[in-house]
Amino acid sequence: QVQLVESGGGLVQPGESLRLSCVASTSIASFNTMGWYRQAPGSERELVARITRDGRITYADSVKGRFTISRDRAKNTLYLQMNSLQPEDTAVYYCNAAVPTTAPYDYRAWGQGTQVTVSS
């Protein structure tokens, strides 16, 4: 089973930045997609940003222009650079990977989450 471990969350003031990291226990080059999701209090988990195996990137409208997803395959690490953070960005952020298998559907791996709190 693939293990994903997030880090980099914390408490920041509005307008500040954070960089989240997600370290995978296996090579991320083989993953169909990797992405960042978040879940705010009282809300369902939502997609923040996603990158496909061939490098295509999708962002949620709410973060486009402020957040950047990237990866370092040599380090088996996915990143989320978050700039101009606002209180509405407060959530638990989760790393996700779609892992190809020999089964009919790929395996979805999730990290444990890292808390991001934006408050003055």
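In this predicted model, the side chain of Glu-6 reaches the backbone nitrogen of Gly-113 at 2.9 Å, and the side chain of Glu-6 also reaches the backbone nitrogen of Gln-112 at 2.9 Å. Glu-6 lies in strand S1 and is buried, yet Glu-6 has no salt bridge, since the nearest side chain of opposite charge, that of Arg-45, is 7.4 Å away, whereas a salt bridge is counted within 4 Å. Leaving aside residues up to four places away in sequence, Glu-6 touches Ser-21, Cys-22, Trp-36, Tyr-93, Tyr-94, Cys-95, Gly-111, Gln-112, Gly-113 and Thr-114.

The strand that carries Glu-6 belongs to an open sheet of 4 strands, which has the order S1-S3-S8-S7 and antiparallel pairing. Strand S1 (4-7) and strand S7 (67-72) form the edges of this sheet, each pairing on one side only, and neighbouring strands are turned by 15 degrees against each other on average, with direction ignored. Within the sheet, strand S3 (residues 18-24) and strand S8 (residues 77-82) run antiparallel and are joined by 6 bridges; Val-23 has Thr-77 in S8 as its bridge partner.

Thr-114, one of the residues touched by Glu-6, is part of strand S11 (residues 114-118), along which the side chains alternate. Thr-114, Val-116 and Val-118 point to one face and are buried, while Gln-115 and Thr-117 point to the other face and are not buried. Such alternation between the two faces of the sheet is what a regular strand shows. The pairings of S11 are set out below.

| Strand paired with S11 | Direction | Bridges | Bridge pair |
|---|---|---|---|
| S2 (residues 10-12) | parallel | 3 bridges | Val-12 and Val-118 |
| S9 (residues 91-99) | antiparallel | 3 bridges | Tyr-93 and Thr-114 |

Both members of the pair formed by Tyr-93 and Thr-114 are also among the residues in contact with Glu-6.

A further buried position is Thr-33, which is found in strand S4 (residues 33-39). Thr-33 counts as buried because its relative accessibility is 18%, and the cut-off for burial is under 20%. From C-alpha to C-alpha, Thr-33 and Glu-6 are 16 Å apart in space, and 27 residues separate them in sequence. The contacts of Thr-33, again not counting residues up to four places away in sequence, are with Arg-50, Ile-51, Thr-52, Asn-96, Ala-97 and Ala-98.

Conventions: Residues are numbered from 1 along each chain as its sequence is written. This is a predicted model: local features need pLDDT of at least 70, side-chain atom pairs count only at pLDDT 80 or more; totals for chains, interfaces and linings use all residues. Side-chain values use heavy atoms; hydrogens and water are left out. Two strands pair if DSSP finds at least two bridges between them. Helices (H or I, at least four residues) and strands (E, at least two) are DSSP runs, numbered from the N terminus. Axes are lines fitted to C-alpha atoms, for helices over the stretch in contact, and angles run from 0 to 180 degrees between N-to-C directions. Buried means under 20% relative accessible area, exposed over 50%, partly exposed in between (1.4 Å probe, protein chains only). Lys and Arg count as positive and Asp and Glu as negative; His and the chain ends are not counted. A polar contact is a pair of N or O atoms within 3.5 Å; within protein, one must be able to donate a hydrogen and the other to accept it, and residues adjacent in sequence count only if both atoms are side-chain atoms. Contact means heavy atoms within 4.5 Å.
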